[in-house]
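Hi,

Here is the structure I promised to pass on. Have a look at it first, and my notes follow underneath.

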Amino acid sequence: MPEERKVPRHIAIILDGNGRWAKAKGLPRNAGHVQGAKNVETICETAYKMGVQYLTVYAFSTENWSRPQDEVDALMKLLRNYMKTCVKTAEKNNMCVKIIGDRTRLDQDIQDSIAVLEEASKDNTGLHFTVAINYGGRDEIRRAAQRIAADAAEGRLKAEDITEAVVAGYLDTGDAPDPDLMIRTCGELRISNFLLWQLAYSELYVTEVPWPDFDKKELEKAIDAYNHRVRRFGGL
């Protein structure tokens, strides 16, 4: 009998190619971002039906602020709308939603919407869906180091007690397992400051398909590739 396909418990995705998708179709870049946002909901439902328990997506990085102002403004408008509609989506799909990254640079109304979404979905027992917004892996580690240093200074933590598990607990993703598989769309061969600590042992899969065209078939290809990897830890 053929070996049963294993579905990764946690998949992380770098959502790349919205702008190139739009350009190829003669559309403005913002149209690509709109289509990409729609595809997030589709892939959430698809992944959960396939048995994925955790899905983390890279939506807006700390470096994305350097994009043209009109594009940043459009992305923030899209984010505002998404945070509101996601409350209904999370309720419909029993989805627990968490936002990671430094929220302090986001406008207060967006921060408030994030808080509402997280509170409304915190007890849902379906897919654990994490969205990285104003997120950078180095910045996450820096912020974690600051909290560790503050706790140590106040006597709540001893230097000799700082294990890898302790450090992981101070990260934005402290309540989730590390990704088993990281997918990047649109062909770029880098992790772009995404989950630098958490991806240490993740399998990497790159597809030329831009994010708006990434569908169930493409997700199955990624999982099939994951199943053909021989995962070894500590030489085992």
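**Salt bridges and the main pocket**

D107 and R80 pair through their side chains in a salt bridge, with N and O 2.8 Å apart. D107 sits in the loop between strand 3 (96–100) and helix 4 (108–121) while R80 belongs to helix 3, so this contact ties together parts that are 27 residues apart in sequence. D107 is partly exposed, at 44% relative accessible area, and R80 is also partly exposed, at 24%. Please keep in mind that this is a predicted model.

Salt bridges with shared partners also join D16, R20, R184, E188 and R190 into one network. The structure has 21 salt bridges in total.

E71 is another residue to click on. Its side chain meets that of R29 in a salt bridge of 3.0 Å, N to O. This pair links distant parts of the chain, with E71 in helix 3 and R29 in helix 2, 42 residues apart. E71 forms a salt bridge with R67 as well, where the closest N and O atoms are 3.0 Å apart. Because its relative accessibility is 6%, E71 counts as buried, whereas R29 at 40% is partly exposed, and so is R67 at 29%.

R67 turns up again in the largest pocket: together with L15, Y58, A59 and N64, R67 is among the lining residues nearest the pocket's centre. Helix 1 (18–24), helix 2 (29–50), strand 2 (54–61), helix 3 (69–93) and strand 4 (128–135) each give two or more residues to the lining. The pocket holds about 780 Å³ of space, and its 34 lining residues divide into 17 nonpolar, nine polar and eight charged.

Best wishes

Terms used
Residues numbered from 1 in each chain as written. Predicted model: local features only at pLDDT ≥ 70, side-chain atom pairs only at ≥ 80, totals over all residues. Heavy atoms only, no water. 1 Å grid on protein atoms, 1.4 Å probe; cavity = no way out; pocket = protein on both sides within 12 Å on 5 of 7 lines; lining within 4 Å. Points joined across faces, edges and corners; volume = space filled by probe spheres on them. Helix = DSSP H or I, 4+ residues; strand = E, 2+ residues; numbered from the N terminus. Nonpolar A, V, L, I, M, F, W, Y, C, P; charged D, E, K, R; others polar. Salt bridge = Lys/Arg side-chain N within 4 Å of Asp/Glu carboxyl O. Buried < 20%, exposed > 50% of the residue type's maximum accessible area, 1.4 Å probe, protein only.
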